[in-house]
Structures are given as structure tokens and as C-alpha cells.
Amino acid sequence: MNKQLRKAVIAGNWKMNKTPAEAKELIEGIKPLVKNADCDVVVCVPYVDLSVVLEATKGTNIGVGAENCHWENSGAFTGEISAPMLTSMGVQYVIIGHSERRTYFGETDQTVNKRIRAALNAGLNVILCVGESLEQREQGITAELVAMQTKIALCGVTKEELKKMIIAYEPIWAIGTGKTATAQQANEVCAVIRSVIADLYGKDAADAFTIQYGGSMNAKNAAELLAQPDVDGGLIGGASLKPADFAEIVKAASK
Ligand code: PEP
């Protein structure tokens, strides 16, 4: 597999942090530090921050994403936001299936699939999150579980649509915990995901497909993780809220 075929993508996930005023300050801090990046840079932000971050990133190399979207275009779904609502604002990316949504908000592999199809239909780029709990890792079912999450999520997604997707391997036990997967663990599971993509869509699609690692990636450990042959980028939570740390990760991915 040739890593050079793939685009490195570093995406921040701001989660439920930052008011619009704070978001403006944060993005203004990030902008100058990543302007020479030799990888794709994305920030996924709370819905209420989208306007201010879209405005602040106009004409820059930073893409903007949301952290979820509903599977219907409109209707009686109080509190939800649809994919066409996001694209109408100029949003380009959306995270789907983050483990925090799976754990706290009843997200299932089936609803993940519905959201992905809606997002792709609207023209969004999707960052799909998959990953195992500590218990599942200890049971030795990580590879099977991640393969199944990936297959269900991609049900009905065409080879052409796959070009607008990224998968982030995010072991749940590593998210926000300060415990990072070893570079070898991260690479092993990213390789499993790539082999699922190869089975479903062919080797050419798998070779060109961007797979991120996420889970306590930071300025110190990013270079080693990103040097792995099947790790093409990172989905970054905590460190994406610190401009200098986020920029260091972007720098590591630009090598
Ligand atoms: C995430 O939220 O996707 C994530 C990886 O968080 P953290 O980097 O804080 O572990």
C-alpha cells in the first residue's frame, strides 16, 4: 500500500465547547499557525459556532464541519439539524457515529448508516467514527467489531460516494482519557478497516482511502502515530482546543 496516494487529514473535534465569541478567538489563534500546512485541516464545531467559524475561515486552508446531522432533510424532529441545513451554510464536513453519540445518545450502527447516506446525499464529506470499548478489546473482538461497524455504516454507499468519506479509528478507551493506543495498535486496526474497504470496493479504493486515528492524540505522540503506514491523519479532541498543540499535530502530518 502506498501512503503517498492518500491525503493526510487532521480534523479537530471541539465537542460541546466554546461559545461563538470563544470560537472566534480559538479559530483566530489556529489560523496563522496552520496556514502553511501540507495536509488537509478541518475543524468540527458546535452548531452555534458554525457561522462565526465559517466567516473566520473564508479564504483560508481550513475546512469546517459539524459534529452530527439528522438523516431526514426536514420535518418534526425537534432539536435536530439536517444535512441540507449544514450545506446551505457552507459547511463541508460532518462527523458521524462518534462514540460519545453512541454511548450517551443511543446512536446505533443503523442510525449511523442513515445519517451517512443523508450527509452524502447533501454533498457533505463524512468523518465516520468506529472503535471498541476496553471490554471489547480485552475480549479480543476489536477487529471483528470494527469491521462490522464499518460494513454496516457503509451499507448502500457507492464507490463514488466513498471518495467523500474518511474513517476515524477511535478506541473508546483512548478518547479524552490521556491513554493513547500504541502506534502498533492504531496501525493494526486502521489496516483492518482498509482491508474491509478493499473487500467492499476494491484495492484501488482502499489504497486511496484516508483513515485517521483518534484518541488522546497530542503534540507529543502525533508524529509516531502518523508515521504508521495505515494511519493517514488524526481526529483530535482535547488538543484541538489548544492552537499550538493542534498546529504541532498538523505539522507532524505535513511531513
Ligand atoms: C475525539 O473526540 O474524537 C477525540 C479523539 O478526543 P481526544 O483527542 O480528546 O481523546
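**Exercise 1. Is Y104 buried or exposed, judging by its relative accessibility?**

Solution. Keep in mind as you go that this is a predicted model.
- Step 1: look up the relative accessibility of Y104, which is 61%.
- Step 2: compare that with the cut-off, where exposed means over 50%.
- Step 3: Y104 therefore counts as exposed, at 61%.

Now try the residue next on the list, F105. Its relative accessible area is 55%, so F105 is exposed.

**Exercise 2. Work out what kind of aromatic pair Y104 and F105 form.**

Solution.
- Step 1: searching the whole structure turns up two aromatic pairs. One of them joins Y104 and F105.
- Step 2: check the distance. The ring centres of Y104 and F105 are 6.4 Å apart, and the limit for a pair is within 6.5 Å.
- Step 3: check the angle. The planes of Y104 and F105 make 85°, and over 60 degrees counts as edge-to-face.
- Step 4: put it together, and the Y104 and F105 pair is edge-to-face.

**Exercise 3. Describe the surroundings of the ligand.**

Solution.
- Step 1: count the neighbours. The ligand is surrounded by 14 residues, and K15, E170, G176, S216 and G238 are the closest.
- Step 2: sort that shell by type. You get four nonpolar residues, eight polar ones and two charged ones.
- Step 3: look for polar side-chain atoms beside ligand oxygen atoms. K15 has one at 2.8 Å from a ligand oxygen, E170 also places one 2.8 Å from a ligand oxygen, and for H98 the distance is 2.9 Å.
- Step 4: see how much of the ligand is covered. On its own the ligand has 290 Å² of accessible area, and the protein covers 96% of it.

**Exercise 4. Find where S216 sits and what its side chain reaches.**

Solution.
- Step 1: place S216 in the chain. You'll find S216 in the loop between β7 (211–214) and α11 (222–226).
- Step 2: check its accessibility. S216 has a relative accessible area of 17%, so it is buried.
- Step 3: follow the side chain of S216, and you arrive at the backbone nitrogen of G178, 2.9 Å away.

**Exercise 5. Look at the phi angles of K15 and K18.**

Solution.
- Step 1: locate both. K15 belongs to the loop between β1 (9–13) and α1 (20–34), and K18 is in the loop between β1 and α1 too.
- Step 2: read the angles. Phi of K15 is positive, about 55°, although K15 is not a glycine. K18, also a residue other than glycine, has a positive phi near 85°.
- Step 3: add the accessibility of K18. At a relative accessible area of 32%, K18 is partly exposed.

**Exercise 6. Which residues, far off in sequence, pair up in space with A205 and V250?**

Solution.
- Step 1: take A205, in helix α10 (residues 203–207). A205 counts as buried because its relative accessibility is 11%.
- Step 2: its partner is K163, 42 residues apart from A205 in sequence, with 8.1 Å from C-alpha to C-alpha.
- Step 3: move on to V250, in helix α12 (residues 243–253). V250 is buried, with a relative accessible area of 2%.
- Step 4: its partner is D40. V250 and D40 are 210 residues apart along the chain, yet 8.5 Å separates their C-alpha atoms.

**Exercise 7. Where in the chain is confidence lowest, and where highest?**

Solution.
- Step 1: start with the overall picture. The average pLDDT of the chain is 97, and 99% of the residues score at least 70.
- Step 2: go element by element. Helix α6 (residues 134–139) is lowest, with a mean of 95, and strand β3 (residues 62–66) is highest, at 99.

Definitions and conventions. Residues are numbered from 1 along each chain as its sequence is written. This is a predicted model: local features need pLDDT of at least 70, side-chain atom pairs count only at pLDDT 80 or more; totals for chains, interfaces and linings use all residues. Side-chain values use heavy atoms; hydrogens and water are left out. Rings of Phe, Tyr and Trp (its six-membered ring) pair if their centres lie within 6.5 Å; planes under 30 degrees apart count as stacked, over 60 as edge-to-face and the rest as tilted. Buried means under 20% relative accessible area, exposed over 50%, partly exposed in between (1.4 Å probe, protein chains only). A residue is near a molecule or strand if one of its heavy atoms lies within 4 Å of it. A polar contact is a pair of N or O atoms within 3.5 Å; within protein, one must be able to donate a hydrogen and the other to accept it, and residues adjacent in sequence count only if both atoms are side-chain atoms. Accessible areas come from the Shrake-Rupley method with a 1.4 Å probe; for residues, only the protein chains shown count as cover. Ala, Val, Leu, Ile, Met, Phe, Trp, Tyr, Cys and Pro count as nonpolar, Asp, Glu, Lys and Arg as charged, and the others, Gly among them, as polar. pLDDT is the predictor's confidence in each residue, from 0 to 100. Helices (H or I, at least four residues) and strands (E, at least two) are DSSP runs, numbered from the N terminus.
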